[in-house]
Amino acid sequence: MCDLRRPAAGGMMDLAYVCEWEKWSKSSHCPSVPLACAWSCRNLIAFTMDLRSDDQDLTRMIHILDTEHPWDLHSIPSEHHEAITCLEWDQSGSRLLSADADGQIKCWSMADHLANSWESSVGSLVEGDPIVALSWLHNGVKLALHVEKSGASSFGEKFSRVKFSPSLTLFGGKPMEGWIAVTVSGLVTVSLLKPSGQVLTSTESLCRLRGRVALADIAFTGGGNIVVATADGSSTSPVQFYKVCVSVVSEKCRIDTEILPSLFMRCTTDLNRKDKFPAITHLKFLARDMSEQVLLCASSQTSSIVECWSLRKEGLPVNNIFQQISPVVGDKQPTILKWRILSATNDLDRVSAVALPKLPISLTNTDLKVASDTQFYPGLGLALAFHDGSVHIVHRLSLQTMAVFYSSAAPRPVDEPAVKRLRSAGPAVHFKAMQLSWTSLALVGIDSQGKVLSTRILAMKASLCKLSPCTVTRVCDYHTKLFLIAISSTLKSLLRPHFLNTPDKSPGDRLTEICAKITDVDIDKVMINLKTEEFVLDMNTLQALQQLLQWVGDFVLYLLASLPNQGSLLRPGHSFLRDGTSLGMLRELMVVIRIWGLLKPSCLPVYTATSDTQDSMSLLFRLLTKLWICCRDEGPASEPDEALVDECCLLPSQLLIPSLDWLPASDGLVSRLQPKQPLRLQFGRAPTLPGSAATLQLDGLARAPGQPKIDHLRRLHLGACPTEECKACTRCGCVTMLKSPNRTTAVKQWEQRWIKNCLCGGLWWRVPLSYP
């Protein structure tokens, strides 16, 4: 693919994949009009598609998919009676707003924290008044991107926190949740979600003289106010701006509005173009938290023009007579707000959709000059889709073209005038809705036939999700390290001081300190330095933890048996052999397990030994300690001596080495994408992805057909054909049971950590009983 870090005028984008419906009858499915699309910060895409029954009744559907598995589509009957006009994700990516042409707004949330299970319990209604703009209230979080430091290695240098006030706050300064919408008749409606679950809704007119609102958008100011931009659709009419203030008075929502300066598009004042673009078709603020910059598009039947405007504070000239009476000194000079045009395009093909970056960035005046001279950076470009099927990435301020994608027609010179371009015999398939990802590294579009296309815009320097056969073992190691840290913190939290008037350090902290100080290879000599009364737990709790303790013991044995093959990078666990912190953590857990085994022997890890007199725990702790001493942080790193390697070589003859169930090889799309080779997918049908066979040949990752499956978080065996409902992580593929089979408090505490997200941070997706 092309490197677009410094894209030329003819730069190209790579098509990653196309996901389309199976061959369906036009009488059963039809694209919704208008078509709405939204991309969450957690890489979930929501879009609309209508379903027509045999009786010609339409069911308004909302479809939700994960970008890594777009074929696994979840469809929601929205119960909207009119066309859905707006979709909007909240800042956490776990709730979705939908609004329709009848004034109904629904708030959807995940049921049981599953990304393919949604329910709507709250909403609002402006009966009979179509919604044209919708947004969640701002939560007060904004970052500034320093473009001149785009090449810095540390993200802390590129971004800084900007003081920004929420739209509304509760007692104590906590942001109040809610949404704001604009209707076609010029009303603004605000709904506030109280912590008790009650919804406060209020509706007010934007101005005294209400008029038709064909287009609208919503942005926020740093002072907590809201700015609404509206247009009646005619380019000869002004684009109006209003300031909206929301407050709560006597347990009721109050809305105050104020008229701000308006503007006329520059193309209407140009005598050569006065009547050429009669309609305003797109009106967008450049960002939700940048109310001072707006993008406008005016169109005719065949062409369009795009303008970028900025609101500036300018000094107001004072007549000399008034200067003599009351001289103006310093900052006391009167000022006025004026809209000034920043840039405008030449005549373009007709624009069908616009996508703006979601990066919460702020560009200073200095940054504006730097941005025009340096390389392209995510967030500085916006996407324009045209009726000829092409997509252009243009600079958000200068509107200069930086990259181009052609869906069907042959590429054409970018600077070729629109009037000179030949028209095809039939209408081209074009995007009706587009959304940029939250990192602005990818673009998704819904075309006029209901297909979903995802386009990579920039060549990524590094991506944790883009796996190859050479890096899949490192992904296993990263996930295992997260799992180890989670087990360690959970088991240590179960330890309780024997007396209430204890010193500042917790039993877990004292365990870490003593194990780091005492380097003895005898596990019993380490134990005598601990207060064993702090390790006393209920017998049922210890037995319920046996599966997690078994995993710790199996993993220690696996690592030590892998030491003679430490040069093999293709073997999972390789990075742990030189990780002193992780080895020290395993050493601490072995001590804890040894103490708990004295209280309840049945909770100990079970090993298959060749000798009945073999003390497996002592043997493993001794070898683990020797390996830890070689690479611990306190001393100089050294290679394991030959005696240690020889002892590890003998382990397979002393103990049966377990075959650990690593996470399944990723079946997502990011690791399968090839430049210039877009994938063609279908909704509801899992594809056979290229490259997956090579990944499964790696040592330790192969899964035999019919092999029993495992709950990766509880470490419970589910059998070859699980009978319990399960959920899987959309990011790493981790599988766990949907309902907990345990009743003990300690295990419930472990399971509560993963209710909302997987340990890697990914979302949960309900999987069928016969999952692969």
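This is a short tour of a few strands and aromatic rings to select in your viewer.

Before you click, know that this is a predicted model, where local features need pLDDT of at least 70, side-chain atom pairs count only at pLDDT 80 or more, and totals for chains, interfaces and linings use all residues. Residues are numbered from 1 along each chain as its sequence is written, and side-chain values use heavy atoms, with hydrogens and water left out.

**Stop one: β15**

Select residues 187–193, which make up strand β15. Strands here are DSSP runs of E, at least two residues long, and helices are runs of H or I, at least four long, numbered from the N terminus. Seven of the seven residues in β15 are buried, meaning under 20% relative accessible area with a 1.4 Å probe and protein chains only. Look at both faces: Leu187, Thr189, Ser191 and Leu193 are buried on one side, and Val188, Val190 and Leu192 on the other.

Now add β14 (residues 177–183), which runs antiparallel to β15 and is joined to it by six bridges; two strands pair if DSSP finds at least two bridges between them. The two form a hairpin with three residues in between, and Gly186 in that turn has a positive phi of about 90 degrees. Next, show β16 (residues 199–205), antiparallel to β15 over seven bridges. Pick out Leu192: Gly178 stands opposite it, and so does Leu200 in β16.

**Stop two: two tryptophans**

Stay with β14 and show Trp179, then add Trp136 in strand β11 (residues 131–136); the pair ties together parts that are 43 residues apart in sequence. Rings of Phe, Tyr and Trp (its six-membered ring) pair if their centres lie within 6.5 Å; planes under 30 degrees apart are stacked, over 60 edge-to-face, and the rest tilted. These two have centres 6.0 Å apart and planes at 85 degrees, so they sit edge-to-face. Trp136 is buried at 4% relative accessible area, and Trp179 is buried at 0%.

**Stop three: a ring cluster**

Jump to helix α9 (residues 546–562), where Trp551 and Phe555 are four residues apart, about one helical turn. What do their rings do? With centres 5.2 Å apart and planes at 5 degrees, they are stacked. Both are buried. Add Phe483, Phe576, Trp750 and Trp754, which ring pairs link with them into a cluster.

Finish with Lys481, which lies over the face of Phe576, 5.6 Å from the ring centre; the rule is NZ of Lys or CZ of Arg within 6 Å of the centre and within 35 degrees of the ring normal.

Technical notes. Buried means under 20% relative accessible area, exposed over 50%, partly exposed in between (1.4 Å probe, protein chains only).
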